Amino acid sequence: MLFIGDVVGEPGRRALETTLPGLIERHAPNLVVTNGENVAGGLGITERTARKLLEAGTDVITTGNHVYRHADVYDFLDRSDRIVRPANYLESNPGHGYVVLEKDGVRWAVVNLSGTVFVDAARSPFHTADRLLGSLQDKADYVIVDFHAEATSEKVAMGWYLDGRVLAVIGTHTHVPTADARVLPGGTAYISDAGMTGARGGVIGVKREQIIQRFLTQMPVRFETAQEDPWVMGCLVTSDRPGRASSIEQILVPAEG
């Protein structure tokens with residue numbers, strides 16, 4: 001399973017479009033999951049930008065706290081079985097918290113969860129995970145969790161909580177790749193943050209001079225997506241036994257082209 005970290009704006013999307021085909025050829029993943037919650041202008045996702053990610057080779061799109069930034073995506077979230085929003089949001093919200101996709105006779109469940117430390121969600125991600133795993137028990141061969149959360153402690157806790165119950169817990173949201181990728185004792189691949197797919201020459205995808213100005217002046221600044229030095233970041237998870245991981249390898253590469 002190839003997981004691509006948060007795609008930020010047009011630079012991130014173009015980096016994905018030019019680089020993902022080579023990654024697929026090199027690693028031959030059975031499933032490609034991409035976090036796309038910031039693909040539309042650096043904040044949120046639209047149906048058009050979601051389709052761009054799917055056309056580039058993505059099988060399932062995960063999102064996060066900016067998923068509802070653009071209202072035109074709401075209907076697409078309800079209609080599509082290729083995109084998910086955090087499952088611990090209100091049931092009445094547009095979209096689905098997980099999808100099950102069958103490829104080559106293998107059933108893949110992709111679950112999206114939001115943290116609750118420093119970000120908002122309607123319910124505990126831990127209780128929601130328990131409920132979903134119970135309902136997925138006979139419906140999926142592999143379960144992947146994108147945990148979109150701010151606090152490292154909450155992410156690490158989720159990794160341990162789900163160890164032995166899912167293939168992988170992949171942290172997203174903070175855009176900076178962490179150095180703690182490992183397979184936990186129960187066979188769950190874990191990383192606190194997969195990083196971002198976007199311009200590394202900025203500050204978490206935003207033009208660096210604007211972020212610096214904000215810190216220096218403490219005044220509102222209009223943020224724009226950075227363009228310099230685009231990279232593709234993520235991880236590759238492999239399995240040699242049903243439902244469990246044998247390795248996790250970080251993907252940190254400059255964009256091709």
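# Exercises on a predicted model

Asp104 is exposed, its relative accessible area being 74%. The structure is a predicted model, and the exercises below work through its loops, helices and sheet.

## Exercise 1. Two loop residues

Task: Determine where Asp104 lies and what sign its phi has; then treat Phe118 in the same manner.

Solution.

Step 1. Asp104 belongs to the loop that joins β5 and β6. Its phi is positive, about 55°, although Asp104 is not a glycine.

Step 2. The cut-off for an exposed residue is over 50% relative accessible area. With 74%, Asp104 passes this cut-off and is therefore exposed.

Step 3. Phe118 is found in the loop between β6 and α4. Phe118 is likewise not a glycine, yet has a positive phi of about 70°. Its relative accessibility is 72%, so Phe118 counts as exposed.

## Exercise 2. The faces of helix α2

Task: State which residues of α2 are buried, why they line one face of the helix, and what covers them.

Solution.

Step 1. Helix α2 comprises residues 47–55, and its buried residues are Thr49, Ala50, Leu53 and Leu54.

Step 2. Viewed down the axis of α2, these buried residues fall within an arc of 145°, and therefore they line one face of the helix. The general rule behind such a pattern is that an α-helix has 3.6 residues a turn, so residues three or four places apart point the same way.

Step 3. Arg48 and Glu55, on the other side of α2, are exposed.

Step 4. The cover over the buried residues of α2 includes the helices α1 (9–27) and α3 (74–79), together with the strands β2 (6–7), β3 (32–35) and β4 (60–62).

Step 5. After α2 comes Gly57, with a positive phi near 125°.

## Exercise 3. The length and bend of helix α1

Task: Compare the span of α1 with the expected value, and locate its kink.

Solution.

Step 1. Helix α1 has 19 residues, for which a span of 27 Å is expected at 1.5 Å a residue. From first to last C-alpha, α1 reaches 25 Å, which is close to that value.

Step 2. At Thr19, shortly before the proline Pro21, α1 has a kink of about 40°.

Step 3. Thr19 is itself among the buried residues of α1, which also include Gly9, Arg13, Leu16 and Leu23.

Step 4. Just after α1, Ala28 adopts a positive phi of about 50°.

## Exercise 4. The six-stranded sheet

Task: Give the order of the strands in the open sheet and identify its edge strands.

Solution.

Step 1. The order of the six strands is β5-β6-β7-β8-β10-β9, and their pairing is mixed.

Step 2. The edges are formed by β5 (98–103) and β9 (182–183), each of which pairs on one side only.

Step 3. Strand β9 pairs with β10 (residues 189–191) in the antiparallel sense, over two bridges. Val183 has Ala189 of β10 as its bridge partner.

Step 4. By contrast, β7 and β8 pair in the parallel sense over five bridges. Thr172 in β8 is the bridge partner of His148.

Step 5. All five of the five residues of β8 are buried. Ala168, Ile170 and Thr172 point one way from the strand, and Val169 and Gly171 point the other way. In general, side chains of a regular strand alternate between the two faces of the sheet.

## Exercise 5. Helices on the sheet

Task: Explain why the buried residues of α4 lie on the same side of that helix, and describe the surroundings of Leu162 in α5.

Solution.

Step 1. In α4 the buried residues are Pro125, Thr128, Ala129, Leu132, Leu133 and Leu136. Because they cover an arc of only 130° around the axis, they are on the same side of α4.

Step 2. These buried residues pack against β5, β6, β7 and α5.

Step 3. Helix α5 lies across β6, β7, β8 (168–172), β9 and β10, and runs at about 170° to β8.

Step 4. Leu162 is located in α5, residues 152–162. Its relative accessibility is 0%, so Leu162 counts as buried.

Step 5. Beyond its neighbours within four places in sequence, Leu162 is in contact with Ala129, Leu133, Val145, Val169 and Thr188. Of these, Ala129 and Leu133 are among the buried residues of α4.

Technical notes:
Residues are numbered from 1 along each chain as its sequence is written. This is a predicted model: local features need pLDDT of at least 70, side-chain atom pairs count only at pLDDT 80 or more; totals for chains, interfaces and linings use all residues. Side-chain values use heavy atoms; hydrogens and water are left out. Buried means under 20% relative accessible area, exposed over 50%, partly exposed in between (1.4 Å probe, protein chains only). Helices (H or I, at least four residues) and strands (E, at least two) are DSSP runs, numbered from the N terminus. The arc is that of the directions from the helix axis to the C-beta atoms. Contact means heavy atoms within 4.5 Å. The expected span of a helix is 1.5 Å times one less than its number of residues. The bend at a residue is the angle between axes fitted to the seven residues ending there and the seven starting there. Two strands pair if DSSP finds at least two bridges between them. Axes are lines fitted to C-alpha atoms, for helices over the stretch in contact, and angles run from 0 to 180 degrees between N-to-C directions.
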